[in-house]
Amino acid sequence: MIPLARRHPKLFAAFVLALVLALFFAGRIVVRAVYWSQHREEAVAPWMTVGYVGRSWRLDPRTIDAEAGLPPPEGRPLTLEQIAAGRGVPVAQVIAEVEAAIATLRAAPPKP
């Protein structure tokens with residue numbers, strides 16, 4: 001391997017860079033797969049965004065927004081607590097609306 005690196009240093013550097021990038025992205029995939037396999041159907045909490053809830057429950061976040069009567073995100077996603085503060089209602093009410101939307105969407109037949 002060392003003689004090859006001495007004969008073709010640019011090619012060897014490109015190979016090492018490609019290997020490092022492949023290992024980095026493979027590591028990200030593994031970390032995300034492990035994280036989401038352990039966070040399925042998590043109880044809805046005030047710190048969560050609608051996107052996080054959708055990912056945890058395997059539902060489209062925009063569908064949850066529409067079903068729960070929440071505003072679609074503009075820019076940075078808001079947590080349920082921030083949505084409640086913006087609407088001037090208790091966070092428990094927003095959580096209840098999101099949970100009701102989840103129940104409705106889970107009960108609906110899947111679309112082909």
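A salt bridge here is a side-chain nitrogen of Lys or Arg within 4 Å of a carboxyl oxygen of Asp or Glu. The structure is a predicted model. Glu 97 and Arg 87 form such a bridge, with their closest N and O atoms 3.0 Å apart. Glu 97 belongs to helix H6 and Arg 87 to helix H5 (residues 80-87), so this pair ties together parts that are 10 residues apart in sequence.

## Salt bridges

Side chains of opposite charge can pair when their charged atoms come close. The whole structure holds 3 salt bridges. They are listed here.

| Acidic residue | Basic residue | Closest N to O distance |
|---|---|---|
| Glu 41 | Arg 106 | 2.9 Å |
| Asp 65 | Arg 62 | 2.9 Å |
| Glu 97 | Arg 87 | 3.0 Å |

Take the bridge between Glu 41 and Arg 106. Glu 41 sits in the loop between H2 and H3, while Arg 106 sits in helix H6 (residues 91-107), so the pair ties together parts that are 65 residues apart in sequence. Glu 41 is partly exposed, at 41% relative accessibility. Arg 106 is partly exposed too, with a relative accessible area of 42%.

The bridge between Arg 62 and Asp 65 stays inside one helix. Both residues lie in H4 (residues 61-68), 3 residues apart, which is about one turn of the helix. Arg 62 is partly exposed, at 39% relative accessibility. Asp 65 has a relative accessible area of 3%. The cut-off for buried is under 20%, so Asp 65 counts as buried.

In the remaining bridge, Arg 87 is partly exposed at 34% relative accessibility.

## Helix H4

Which residues of H4 are buried? They are Pro 61, Ile 64, Asp 65 and Ala 68. Viewed down the axis of H4, the buried residues fall within an arc of 105°, so they line one face of the helix. These buried residues pack against H3 and H6. After H4 comes Gly 69, with a positive phi near 75°.

## Nonpolar core

In soluble globular proteins, nonpolar side chains tend to be buried together. In this model, the largest nonpolar core has 21 residues. Those with the most contacts inside the core are Val 44, Val 53, Ile 64, Leu 80 and Val 98. At least two core residues come from each of H3, H4, H5 and H6. H6 gives the largest share, 6 residues.

Leu 80 shows what such a position touches. Leaving out residues up to four places away in sequence, Leu 80 is in contact with Val 44, Ala 45, Pro 46, Met 48, Val 50, Val 91, Val 94, Ile 95 and Val 98. Ile 64 is one of the buried residues of H4 and also one of the core residues with the most contacts.

## Aromatic pairs

The model has 4 aromatic pairs. In one of them, the ring centres of Trp 36 and Tyr 52 are 5.0 Å apart and the planes stand at 50°, so the pair is tilted. Trp 36 lies in helix H2 (residues 9-38) and Tyr 52 in helix H3 (residues 50-57), so the pair ties together parts that are 16 residues apart in sequence. Both Trp 36 and Tyr 52 are buried. One aromatic cluster is formed by Tyr 35, Trp 36, Trp 47 and Tyr 52.

Technical notes
Residues are numbered from 1 along each chain as its sequence is written. This is a predicted model: local features need pLDDT of at least 70, side-chain atom pairs count only at pLDDT 80 or more; totals for chains, interfaces and linings use all residues. Side-chain values use heavy atoms; hydrogens and water are left out. Rings of Phe, Tyr and Trp (its six-membered ring) pair if their centres lie within 6.5 Å; planes under 30 degrees apart count as stacked, over 60 as edge-to-face and the rest as tilted. Helices (H or I, at least four residues) and strands (E, at least two) are DSSP runs, numbered from the N terminus. Buried means under 20% relative accessible area, exposed over 50%, partly exposed in between (1.4 Å probe, protein chains only). The arc is that of the directions from the helix axis to the C-beta atoms. Contact means heavy atoms within 4.5 Å. A nonpolar core is a set of buried Ala, Val, Leu, Ile, Met, Phe, Trp, Tyr and Cys residues joined through side-chain atoms within 4.5 Å.
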